[in-house]
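Below are some notes for a colleague who is meeting this structure for the first time. They are set out as numbered points, to be read alongside the sequence and the coordinates.

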4 protein chains.
Amino acid sequence: MKPAGQIDTESLLRVCPAVSRPANPGYGAAGRLTVTAGSVSFGAGQPAVIAGPCAVESWEQTLSLAQAARAAGARMLRGGAYKPRTSPHDFQGLGEEGLRILHAAGQAVGLPVVTEVMDVRLVETVAQYADMLQIGSRSMQNFPLLVEAGRSGKPVLLKRGMAATLCEWLGAAEYIALQGNLQIVLCERGIRSFAAGEYSRFTLDLNAVPALREATFLPVIADPSHATGLAARVESASRAALASGCDGLLIEIALQPETCPPRCDALQAITPETLRRIVRFIETRRESMDWLAGSACPSAPDAERSPRPRSLESSS
Amino acid sequence: MKPAGQIDTESLLRVCPAVSRPANPGYGAAGRLTVTAGSVSFGAGQPAVIAGPCAVESWEQTLSLAQAARAAGARMLRGGAYKPRTSPHDFQGLGEEGLRILHAAGQAVGLPVVTEVMDVRLVETVAQYADMLQIGSRSMQNFPLLVEAGRSGKPVLLKRGMAATLCEWLGAAEYIALQGNLQIVLCERGIRSFAAGEYSRFTLDLNAVPALREATFLPVIADPSHATGLAARVESASRAALASGCDGLLIEIALQPETCPPRCDALQAITPETLRRIVRFIETRRESMDWLAGSACPSAPDAERSPRPRSLESSS
Amino acid sequence: MKPAGQIDTESLLRVCPAVSRPANPGYGAAGRLTVTAGSVSFGAGQPAVIAGPCAVESWEQTLSLAQAARAAGARMLRGGAYKPRTSPHDFQGLGEEGLRILHAAGQAVGLPVVTEVMDVRLVETVAQYADMLQIGSRSMQNFPLLVEAGRSGKPVLLKRGMAATLCEWLGAAEYIALQGNLQIVLCERGIRSFAAGEYSRFTLDLNAVPALREATFLPVIADPSHATGLAARVESASRAALASGCDGLLIEIALQPETCPPRCDALQAITPETLRRIVRFIETRRESMDWLAGSACPSAPDAERSPRPRSLESSS
Amino acid sequence: MKPAGQIDTESLLRVCPAVSRPANPGYGAAGRLTVTAGSVSFGAGQPAVIAGPCAVESWEQTLSLAQAARAAGARMLRGGAYKPRTSPHDFQGLGEEGLRILHAAGQAVGLPVVTEVMDVRLVETVAQYADMLQIGSRSMQNFPLLVEAGRSGKPVLLKRGMAATLCEWLGAAEYIALQGNLQIVLCERGIRSFAAGEYSRFTLDLNAVPALREATFLPVIADPSHATGLAARVESASRAALASGCDGLLIEIALQPETCPPRCDALQAITPETLRRIVRFIETRRESMDWLAGSACPSAPDAERSPRPRSLESSS
């Protein structure tokens, strides 16, 4: 029996050779692939914050939140045009009109944009407007969608399924990677546990962060908004995620969440002021991440010998 | 229906009035009770680190780890004399001999000590040697034990049961508090989730930290050793726990975990060097925790009106 | 607070009025919609067993298993042509060739067939060959796929997502139903819990069966193969599912699972002999399900007043 | 890696040799130890039902429920005198007075009684009144209590911890067995999962039943009352548990649960009428359990060769 907690390297080599660290020793013990979407990069230097509305609701709403996000220090704009909703009777997003608004708002403030694509038939359309495609938690194992996202050539933000193992998550990334697209950012967004509901909607699983660092060279960010589901928990979760070694955050904001609640996930939107404090937490740290290298992979002798990653050339 | 994630204040008032924040407005929105055990305090000022061996195995082992813990900046010494083991065939601890060793080692280096008590008949004995009694995860709802720990007059470290809700956890604290003993520190030590085993033994649940800040005035620490079960994850988890707002950490160490593994939980023991880095993470921050107050309890109008806590003196 | 365990009727009325029992009092307290696919019906009379290979691998394999399934008393043939696999390096199914084989094998032995569709672009193709479309666990919230499955006019077998709440599951059914297609069978297939892996792959959640009976009028079956992941547990799980009130079972079989293992999920395939025993368990019971009516919904006064269901004809 | 779902025999041999089947081949592939408490036996012949109030509240209540249980076909009376309650402010049971009442009620109707002991100091007292000691879910890893229960010489009903692995559960049984007491009945009572709360309080885990049959020779029963937490789910869960191969049930009843609710766990008490239907489900089956032998342990060649169990002579 593998000791509880230790990564099963054999499984990684079999399930996801293109994205696993053990199969790509060129990245060394803690080196990350840099994923770039427009002006923002993940996995290089300081963590980057993505912020914006849960759903694009109107031009005014989106522009004002884009401005607020920019002013608070976010580096990328988020916003849903196609919303995966539990009930078909809930607001489903503005569709292509939403994509146009998001793109224009990003242009207006000078931020690249990321938005979710759920329908394999719409990958091309979404890719026209977005700098990065988001694969949502419910779509993590929508394999045809992963393949098309890979083919789009766009960087992909791959959220963890709410009950996905690390192996399943990296297997999903492998579907994208096999299309020649390694521009993948993994996003921990909270798992379903018995605790969910009592004091948070999901359970933010930060043990996954150093484990992913060991298992893959892909950058890892966290979504404290969905992981908590409650605005009052987002700042604490953001700080914890950053301190654990995340390469970025994905955060939902609203100008006046209480008096003028957004049309979806209203309870988890934080104000631009709180967002500003979170960005400042990043700015005042500016510390090295060398500790992660040391703790995650005590021995990686191949790193020096193999200066260029194996997979970057070969897998694409 | 209560929105998912929001604390159910009514339940708190019914289940645990003595330890819940809503029933004790004197503590304000984020004020904590200061719990003091010998020279160390929790809930006042900077987070405090407790470190030491999983189990007391010998005088030499314990003394050398006490010295190492002290040198690394720990403020309290831990060590098990009575070990709760899954199998009766596993090492069960040295018993009272272990208590004597732990106590002497703490004296030798000038650190107060905390150790687990499992058997209600041994509370008095353990209290003779320990500055603080630890109630382990498996004993969180051992109600007779909680009552005796409360009566001992010693401060109590109350670990969360591995599948305990927040309400059950605070209900357990209430059993202690009703004996007139509010010197209780809560310790998040990882929950059982579907993810447990693949890359960590348990799932560190940091969403509980701001939730507890809202629900109770008791200090909260985290145990990154049990929450991860693997040395390579402990530093990341420690940093995350501290950034989330914890008042301290409980960490297992060993001098040479790989060449000379401890007799229990060998895989999770970190070296004194890693411990030193974790303490330095605390020292270099020294930031205010005001953000927790703001985010956890946006409105606490009663705080001003009721300058002194109902139950005990406040730390704020 | 809603008492733990009690169905939240308000949520049902909001999330899934088309498929919920409270919104469709014509079905009475326990009446079910009859869903018919070719010669087999679910929700009327005795439970029906669906059996066949995990994946269609060849004409010989599929035909022999179809014959064995038929001989053992199964009423419908299953078999995957498009397989959702964790890794892209695993066998992905034979695609349309697999559909042709499955359809022909079903014709040869006189059984209707059900097979999974994962790709929204393939719904039409799959619908040409299949008597019933299966939406797999990983696709339960693939909303565009649900819509197209609804539009196909084919009956749909909707598996529960491995971490889906009952509300999310019925919300998924609502997406299908809103396309004018109420021919939906729900399939419990095991949830992810901390217990998963130690002695079964998933945790069969039979508490969901009476809860679904209360929440919806759609028939409910169980998949003991995926819920256990191990052949040695399938018979016990099948019997339990039937006794709990299920309207059918979905079971994977192989002729010689040990000497000639199938290409996917080899460990969970049972032999035709075990299948025969499971069918016999149904045949020898032939008892009334009136007890389910009584226990699930003690009072349903509207049933008498509203003799015809709002949405479709009732089975009761 | 051990395939998911397969019992880890090596762990069993190390953790719990005294109670594991692999270490005691004399029991054969499916043979069970018979555990006898007064006039009732578990593991031999037909499943036995234990029924009674959650808590002993008064002589009248207990006697009338004992009569009702007896009339409905129950073979043993249950009732709590010491109640483990989440909050110290909740009803804690009548204590020794409750023991006296329970014992007298059992005598009056001719049923042996089982009741929970939580406090290691009260084992002797409880053993004076009870025919069987119950170790509750919260006490499953109260190791000193397990040892004293073992020493009492009384048969022990060992409930599963709500987040206990099978290995931990059998390790707990081993603590009892090492005191020379193999009269242990295991009781599955529902686990904590993400599903808990929405439509049941816990998740009844019947996959554990055939797994336990493979891992141990101890009899296994189920507690559908706690596993569901809701009266409307108890009958379905009872039937499922029996069909899965359980050796008995532990059920809470009340005469008029709605108009005159019991003082604890009021929502899960069923009426004697429902209890009668459950007992009838057992009586009308009277089928062989040979299927369990076949499916759980396909090969057990040692069974014939070793006619008497290795570990104890006396219990069979």
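1. The contact between the two chains considered first draws on 33 residues from chain B and 33 residues from chain D, and it should be kept in mind throughout that this is a predicted model. The area buried between chain B and chain D comes to about 2,700 Å², and carbon and sulfur atoms account for 56% of that area.

2. Between chain B and chain D there are five salt bridges. One of the salt bridges joins the side chains of B:R192 and D:E168, with a distance of 2.6 Å from N to O. For polar contacts, the count between these chains is 18 residue pairs, with both residues at pLDDT 80 or more.

3. Which helices of chain B each supply at least two residues of the side that touches chain D? They are α1 (9-15), α5 (143-151) and α6 (166-177), and the largest share of that side, six residues, comes from α6(B). By residue type, the side of chain B that touches chain D divides into 15 nonpolar, eight polar and 10 charged residues.

4. Turning to chain A and chain B, a rotation of 180° with 0.0 Å of shift along its axis superposes chain A on chain B, with an RMSD of 0.0 Å. The two copies are therefore related as by a two-fold rotation axis. In chain A, the C-alpha nearest this axis belongs to A:A240, at 2.0 Å from it. The same surface serves both copies, since 100% of the contact residues of chain A recur in chain B.

Definitions and conventions:
Residues are numbered from 1 along each chain as its sequence is written. Chains are lettered from A and ligands numbered from 1 in the order in which they are written. This is a predicted model: local features need pLDDT of at least 70, side-chain atom pairs count only at pLDDT 80 or more; totals for chains, interfaces and linings use all residues. Side-chain values use heavy atoms; hydrogens and water are left out. Contact means heavy atoms within 4.5 Å. Buried area is the accessible area (1.4 Å probe) that two parts lose on being put together, summed over both. A salt bridge is a side-chain nitrogen of Lys or Arg within 4 Å of a carboxyl oxygen of Asp or Glu. A polar contact is a pair of N or O atoms within 3.5 Å; within protein, one must be able to donate a hydrogen and the other to accept it, and residues adjacent in sequence count only if both atoms are side-chain atoms. Helices (H or I, at least four residues) and strands (E, at least two) are DSSP runs, numbered from the N terminus. Ala, Val, Leu, Ile, Met, Phe, Trp, Tyr, Cys and Pro count as nonpolar, Asp, Glu, Lys and Arg as charged, and the others, Gly among them, as polar. Copies are superposed by least squares on the C-alpha atoms of residues with pLDDT of at least 70 in both.
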